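Reader: Hey, got a minute to walk me through this one? I'd like to start with the empty spaces inside.

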Amino acid sequence: MAMRSPILVHVRVPVQILTKTGPKSNQNPSSLFGSVRLMSSHTKEQVIDRVLSVVKCFPKVDPSKVTPDVHKSDESWSRNEECLIQFVPFSGTRVSLDSLSLLNSNEKRRVIVGLSKIVKLQQCYLLKEFSMNFSPVLLVDIMKLLGTRETAFAFFKLSFRDDSDCTISSCCIAAHILAAGNLRLLAQDVISWVIGRIGPSKSRDLVEFMWRGHYVYETDFSVLDTLMRSFVKVEMVDEALDVVVMMRIVSVLPSQSAMSGLFKLLLRVGDYGSVWKLFRDMIRLGPRPCNYIFNTMIHGFCRKGYIRSGESLLHSMWKYGCQPDVYTYNIIINAYCNRGLTTYAPQWVRLMIQSGCKPSPATFSTLIHAFCREGNLVEARKVFDGILEFGISPNVVIYNTLMNGYVKMRDIGEANALFEKMQEQGISPDCVTFNILVAGEYKYGQEEDGDRLISELSLSALLPAHSLYDISVASLCWAGKLHDAMVFLQDLLEKGITPSIFAFNSIIAAYSRRGLQDKAFETYETMVKFGLTPSSATCSSLLMGLSRWRKLKEAKVLLYNMIDNGFPINSVAFTVLLDGYFRINDVSGAKRLWSKMKSMGKFPDVVAASAFIDGLAKAGLVEEAYEVFVKMSRKGLVLNNFAYNSLILGFCKTGNLDAALKLQKEMMHNGLLPDILTSNFVINGLCKHGSMELAFNAFLNMHQIGLSPDIVTYNTLISGYCKIFDHVSADEFVNNSSQKMKYAVMLLDDLLLAGVTPDTMTYNTMLKGVCSNMLNRAMIITAKLLKMAFVPNVVTTNLLLSQFCKQGMPEKTIIWGQKLEEESFEFDKISRDIIDRAYRNVEKNGGYLKRISEKALFLDFLMKMTYINLRRDRSYKNLCNDP
């Protein structure tokens, strides 16, 4: 209300409203660069080298005319900058330096090129006169000669020197002249920039300047519309509402598009009272709400979680002569999906069709994304396969959405098959396709397949020219060439080529993975400076870098600031923070964030839910994790193998084998085949509780479902049988010991036949059983162990040293301990405890025990073989390290 009085002072009889605004000059200049293709190559290094050579294909730019701010230094102004600022008033002053810093390198290049054209047109006198006097008339003349809206606005930002009354008045006159010349969009740019620089305190003066004598240049509608849009652009709500009031006073109807922008701002800041008052005024005083207004309001309410309010507005559209269109229905469908109420979305699709409105590709993309987020790939695929029935061909966004769903469920094979189908249909992949597939291969597939994919996509004839730059940057990031990627991006920017947000996101994510948060935020600032709006992936990558390096406090502040600023935050950002809290064992912090996520209307997807369940289970809160699992399942989420494995492992650790086995059956019933981790968890749990028969049956079941046991599987079973043998009673020893070790030896044979390479753990496990076994069988087993060419470790030596003590030969423990120390073998605390116990036993028994038996000779033989292998391994390492 602060500015209403200065406007009222100058209220006059309204004149005819200006309805013709003229053509918009907001188109980008024609591209000077043709499409650049990578040449044929199929190796990783060749692809990387060729990507770098893309830069060389760009046309050369005269260095004297380019000011690359990406290589800033503290030296005196360069000749390029001096050339640029000599045409603006007060050049060489601190003000000029500040103005220059507000332009990015692309804007500087545009201005330099534009000024050079003015010189060629022999209009130098304009530049010379303007450099001596900040004249609004000269400013406008120069801005018009610069050709494009972007270049003209960049020159204005360079020329704006201070917030004095004289400068503000001159800028208002310049805006009037621009509006009178049908350059109202440029006039709005000028006014919004000035308002943003001077702030709310001086906005009253600006309004008075704009209103005073405006009738010489433009109509009431034109000047008030410019003011309203400018205040909305800089998010000054009260001032924008004041302008609307003044429009009513002077009988000027606000435009539908300007009102839509104001509704967006009010809904974003949560001023719902003003929203409904503004809506009622439109109905009563005009302009009557149109579809665009209704869609804006419905979207705003749904985004805040008020779906019922959005539905009420949709149903009231007919009352005001409007009919819901495809955008209206898509907003409601998307709202239900985002809230985790996907089951209601198909009902709205049917209602949409019944009302005569044809679904769009975005409709199906929303449904597929929702089902994929819930892990329900079966339903997602049904929707995908049914798109053609509506006469719609799936586009790259739909393919990317489903491919991403398969990758998140770790089904790389289906993702690749879908990509092949996409290529067969002649649909061009983009940078999103590239990142989804390459990330999937590196995380869950084979790294060499990821390298191959980089090569194939870079060479693909289907690749559109505008995606080449983005994919080139992403390729370098995935290859670990971060410096080269940044140099490539900087060269593009200096040459006036602004890549899409995907290129920036690739570098931000790569820096975050490396823990280079400062570099990530510098790239983010560059992206914003070039006019790109952060996406949900941008926010998630920045949070990932902070949380991975345990800067959770800063990450939390960043998350809430992004939410307050209306950035597109999705469940991925919360998942990144959840994982960070669990990494530092802050379970209560993770729980608070989980509750905050739900209270903000961010329904967790299958990845977020799985991360929360896994964190609770690892923290020992298995029952609580299972409660979350049940709740999420009831809400329609189809949890993946990761969530099941977390719970199965948790139940096995707590001894609740029945619950673990029940979950394994439920997993298979839901169409999820247990993987090697699931089976190993179950077998380990059964072995720990002595249920060897059930463990062996689980081992056999692995073969039936197509799983190949790995070294962990065999080691677990072998260890289980050896432990069972260790714990048999004396009465059962004769009958059972041979049978138990027989199973262990049989598994060892099976391991070798299956082509699985035994490791040191295998050797140590069998060795433990050998030391307790009957001598005749022990010799046979030892022969098998020697063929394994094992590399002993401290566990091996501890096992044998402790066996000497157990068998009443502490003197052997001391002797072999001394020999190992002579070889500089690194003992651990357990080793020291065993040797100390041996010394105490010797002292207690009054000296060395002179006893030589078959058992003693056998243990001595095993220790000698271990000693020889340790020396051989040490000699080999010394040879390799010798220059």
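Author: Sure, one term first: helices (H or I, at least four residues) and strands (E, at least two) are DSSP runs, numbered from the N terminus. Also, this is a predicted model, where local features need pLDDT of at least 70 and side-chain atom pairs count only at pLDDT 80 or more, while totals for chains, interfaces and linings use all residues. Residues are numbered from 1 along each chain as its sequence is written, and side-chain values use heavy atoms, with hydrogens and water left out.

Reader: Okay, how many cavities of 30 Å³ or more does the structure hold?

Author: There are 2 of that volume or more. A cavity here is a set of points on a 1 Å grid over the protein atoms alone where a 1.4 Å probe fits but cannot get out, and lining residues have an atom within 4 Å of a point. Grid points are joined across faces, edges and corners, and a volume is the space filled by probe spheres set on the points.

Reader: What volume does the largest cavity have, then?

Author: About 50 Å³.

Reader: And which residues line the largest cavity?

Author: The lining is made of His369, Cys372, Arg373, Thr401, Asn404, Gly405 and Lys408. Helix 20 (361-373) and helix 22 (396-408) each give at least two of the lining residues, and helix 22 has the largest share, with 4.

Reader: How do the residues of that lining divide into nonpolar, polar and charged?

Author: It's 1 nonpolar, 4 polar and 2 charged. In that split, Ala, Val, Leu, Ile, Met, Phe, Trp, Tyr, Cys and Pro are nonpolar, Asp, Glu, Lys and Arg are charged, and the others, Gly among them, are polar.

Reader: Switching topic: which residues touch the most other members in the largest nonpolar core?

Author: Phe155, Phe156, Leu206 and Leu227, out of 126 residues in that core. Another core, of 85 residues, lies apart from it, with Ile507, Ile508, Tyr524 and Leu578 among its members. A nonpolar core means a set of buried Ala, Val, Leu, Ile, Met, Phe, Trp, Tyr and Cys residues joined through side-chain atoms within 4.5 Å.

Reader: Now Ser512, is that serine buried or exposed?

Author: Ser512 counts as buried because its relative accessibility is 1%; buried means under 20% relative accessible area, exposed over 50%, partly exposed in between (1.4 Å probe, protein chains only). Ser512 is in helix 28 (residues 501-514), and a polar atom of its side chain lies 2.9 Å from the backbone oxygen of Ile508.

Reader: What else does Ser512 touch?

Author: Leaving out residues up to four places away in sequence, Ser512 touches Ala520, Ser541, Leu542, Met544, Gly545 and Trp549. Contact means heavy atoms within 4.5 Å.

Reader: Anything odd in the backbone?

Author: The peptide bond from Gly286 to Pro287 is cis, with omega near -10°. Pro287 lies in the loop between helix 15 (272-285) and helix 16 (291-303).

Reader: And where is Gln122 placed?

Author: Gln122 is in the loop between helix 5 (105-120) and helix 6 (124-132). Its phi is near 60°, a positive value in a residue other than glycine. With a relative accessible area of 67%, Gln122 is exposed.

Reader: What about Ser251, buried or exposed?

Author: Ser251 counts as exposed, at 57% relative accessibility. Ser251 has a positive phi too, about 60°, although it is not a glycine, and its place is in the loop between helix 13 (237-249) and helix 14 (256-269).

Technical notes: 1 Å grid on protein atoms, 1.4 Å probe; cavity = no way out; pocket = protein on both sides within 12 Å on 5 of 7 lines; lining within 4 Å. Polar contact = N/O pair within 3.5 Å; in protein donor to acceptor, adjacent residues only side chain to side chain.
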